[in-house]
Amino acid sequence: MNRTICEEMNKRTTPELITSLEPDEIFVFGSNLEGMHGGGAAYVAYRKFGAVMGQGVGLQGQSYGIPTMQGGVETIRPYVDEFIEFARQHPELTFLVTRIGCGIAGFTDAEIAPLFRAAHGVRNIVLPQNW
């Protein structure tokens with residue numbers, strides 16, 4: 001299968017491993033405010049999808065950074081809300097959200113998934129399975 005979006009029973013989910021993107025797809029990853037993309041999905045974003053060293057937030061190449069390393073879950077919420085609004089304003093793009101915050105940052109899916117509740121109604125945002 002060449003597509004990066006898995007479709008099961010009409011529910012689109014982000015694949016566990018993203019190795020390539022279509023021209024209109026954006027890799028959404030967890031970053032840090034300093035934009036030091038040294039590990040995890042941030043490193044993939046930097047090496048493969050145009051993330052910019054020194055930019056921790058927003059669109060960069062074919063990637064979009066959401067900071068997850070600056071404190072608790074509530075410090076992530078404003079950046080998620082900003083991302084969802086950005087996606088709404090760019091319906092020509094499809095945003096593949098990785099399990100941000102659930103790797104190096106140390107949060108669980110149960111802690112992060114509720115932050116994306118409003119994203120369920122946004123057609124061009126694709127979330128990880130069970131989010």
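This passage walks through the overall build of the chain and then a handful of its residues. The structure is a predicted model.

Starting with the big picture, the chain holds three helices and seven strands. Read from the N terminus, these elements follow the order β-β-β-α-β-β-α-β-α-β. As for overall dimensions, the C-alpha atoms fit a box of roughly 35 × 30 × 25 Å along the principal axes. The radius of gyration is 13 Å, which agrees with the value near 14 Å that a compact globule of 131 residues would have. Buried residues account for 45% of the 131 residues. Long-range pairing shows up in the contacts too: of those between residues at least 6 apart in sequence, 60% link residues at least 24 apart.

On the outside, the accessible surface adds up to about 7,000 Å², and carbon and sulfur atoms supply 51% of that. Turning to charge, there are 10 positive and 14 negative side chains, with the centres of the two sets 3 Å apart.

T98 is a handy place to begin with individual residues. This threonine sits in the loop that runs between β6 (94-97) and α3 (109-112). Despite the loop setting, T98 counts as buried because its relative accessible area is 12%, and the cut-off for buried is under 20%. Its side chain reaches the backbone oxygen of V28 at 2.8 Å. V28 also appears among the contacts of T98 beyond four places in sequence, along with I18, F27, F29, G30, A41, P128 and W131.

Two of those partners, F29 and G30, turn up again around A42, which contacts F29, G30 and H37 once neighbours within four places are set aside. A42 belongs to helix α1 (residues 40-48). With a relative accessible area of 6%, A42 is buried. Its C-alpha lies 18 Å from that of T108, a residue 66 places away in sequence.

L21 is another buried loop residue, placed between β2 (11-14) and β3 (25-31), with a relative accessible area of 17%. That value falls under the 20% limit, so L21 is classed as buried. Along the sequence, L21 and E92 are 71 residues apart, while their C-alpha atoms are separated by 14 Å in space.

L59 gives a contrasting picture. This leucine is part of strand β4 (residues 58-60) and comes out as partly exposed, at 36% relative accessible area. Leaving out neighbours within four places, L59 touches I26, Y64 and F86. From the C-alpha of L59 to that of S31 is 12 Å, with their positions 28 residues apart along the chain.

Finally, N130 falls in the segment after β7 (125-128). N130 is exposed, with 69% relative accessibility. Its backbone deserves a look as well: phi is near 70°, a positive value in a residue other than glycine. Most residues other than glycine have a negative phi.

Conventions: Residues numbered from 1 in each chain as written. Predicted model: local features only at pLDDT ≥ 70, side-chain atom pairs only at ≥ 80, totals over all residues. Heavy atoms only, no water. Helix = DSSP H or I, 4+ residues; strand = E, 2+ residues; numbered from the N terminus. Buried < 20%, exposed > 50% of the residue type's maximum accessible area, 1.4 Å probe, protein only. Rg over C-alpha atoms; globule rule 2.2 N^0.38 Å. Contact = heavy atoms within 4.5 Å. Areas by Shrake-Rupley, 256 points an atom, 1.4 Å probe, with all protein chains shown as cover. Lys, Arg positive; Asp, Glu negative; His and termini not counted. Charge placed at Lys NZ, Arg CZ, Asp CG, Glu CD. Polar contact = N/O pair within 3.5 Å; in protein donor to acceptor, adjacent residues only side chain to side chain.
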